Amino acid sequence: MGYRIRIFDSGVDTMKYKVEVVDRGEEVEAEEGQSVLQALLYGGVEWMHACGGFCNCTTCRIKVEEGMENLSEMEQDEKNTLRRFQGDQVLEGPFRLSCQAKIYGDIKISEPEWF
Ligand code: FES
């Protein structure tokens with residue numbers, strides 16, 4: 001469950017959530033609206049991201065084990081990139097590009113075995 005924090009004295013409240021990488025036993029904290037990739041990298045978790053987070057490669061892919069409803073809706077760019085590299089069937093599975101999926105609640109992810 002997320003929790004609200006106040007950032008310094010800016011008067012801005014932000015929610016914090018948990019991203020758990022279940023197959024690695026790692027966990028990081030994420031700010032509301034942050035991409036999964038940003039949360040992983042800022043939290044010190046190494047995660048492939050060959051195109052630098054520009055939705056052009058799929059190397060940052062994640063398998064969402066729990067909390068798909070806590071991620072932003074998939075936009076057309078992400079769908080197109082996943083289709084281009086992985087085919088239409090990938091859109092039916094629990095897969096997202098970590099550079100595009102934004103966090104709005106706790107999630108559990110793993111590294112997909114397919115490429
Ligand atoms: S880093 Fe290349 S698609 Fe996400």
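How many bridges join β2 to strand β3, and in which sense do the two strands run? This tour of a predicted model begins at that pair and then moves to the other strands, the core and two residues in a loop.

**First stop: the hairpin**

Select residues 26–31, which form strand β3, together with residues 13–21, which form β2. Six bridges join these strands, and they run antiparallel. Within this pairing, please locate V21, which stands opposite E26 in β3. Next, follow the chain from β2 into β3: the two strands form a hairpin, with four residues between them. Select G25 in the turn, where phi is positive, at about 70 degrees.

**Second stop: the whole chain**

Now display the whole chain. It contains two helices and six strands. Read from the N terminus on, the elements follow the order β-β-β-α-β-α-β-β. The C-alpha trace spans about 45 × 30 × 25 Å along its principal axes. For 115 residues, a compact globule would have a radius of gyration near 13 Å; the chain has 14 Å, and so the value agrees with that expectation. Of the 115 residues, 24% count as buried. Consider also the contacts between residues at least 6 apart in sequence: 60% of these join residues at least 24 apart.

**Third stop: the other strand pairs**

Keep β2 selected and add β6, residues 107–110. In which sense do β2 and β6 pair, parallel or antiparallel? They pair in the parallel sense, over three bridges. To find one point of this pairing, select V19, whose bridge partner in β6 is I107.

Add β4, residues 61–66. Three bridges join β4 to β6, and these strands run antiparallel. Here E66 stands opposite K108 in β6. Then add β5, residues 95–97. β4 and β5 pair in the antiparallel sense, also over three bridges. The residue to select in this case is I62, whose bridge partner in β5 is R96.

**Fourth stop: I107**

Centre the view on I107, which lies in strand β6. Is I107 buried or exposed? I107 counts as buried because 25 C-beta neighbours lie inside 10 Å, and the threshold for a buried residue is 20 or more. Leaving aside neighbours within four places in sequence, the contacts of I107 are V19, V64, E66, G67, N70 and L71. Use the distance tool on one of these, V64: its C-alpha atom is separated from that of I107 by 7.4 Å, although the two residues are 43 residues apart along the chain.

**Fifth stop: the nonpolar core**

In soluble globular proteins, nonpolar side chains tend to be buried together. Which residues touch the most other members of the largest nonpolar core? Select V19, V36, I103 and I109; they hold this position among the 21 residues of the core. At least two core residues are supplied by each of β2, α1 (36–42), β4, β5 and β6. The largest share, four residues, comes from α1.

Now select V36 alone and show its surroundings. Not counting residues up to four places away in sequence, V36 touches V19, I62, S98, A101, I103 and I109.

**Last stop: two residues in a loop**

Most residues other than glycine have a negative phi. The loop between α1 and β4 holds C55, and T58 lies there as well. Select C55 first: phi is near 60 degrees, a positive value in a residue other than glycine. Then select T58, which is not a glycine either and has a positive phi of about 75 degrees.

Which surroundings does each residue have? C55 is partly exposed, with 17 other C-beta atoms within 10 Å. T58, by contrast, is buried, with 22 other C-beta atoms within 10 Å. The reasoning rests on the cut-off: a residue is buried if 20 or more other C-beta atoms lie within 10 Å of its own, and exposed if 12 or fewer do. The count of 17 for C55 therefore places this residue in the partly exposed class, whereas the count of 22 for T58 places that residue in the buried class.

How values were computed. Residues are numbered from 1 along each chain as its sequence is written. This is a predicted model: local features need pLDDT of at least 70, side-chain atom pairs count only at pLDDT 80 or more; totals for chains, interfaces and linings use all residues. A nonpolar core is a set of buried Ala, Val, Leu, Ile, Met, Phe, Trp, Tyr and Cys residues joined through C-beta atoms within 7 Å. Two residues are in contact if their C-beta atoms, placed from the backbone, lie within 7 Å. The radius of gyration is taken over C-alpha atoms; the globule rule is 2.2 Å times the number of residues to the power 0.38. Two strands pair if DSSP finds at least two bridges between them.
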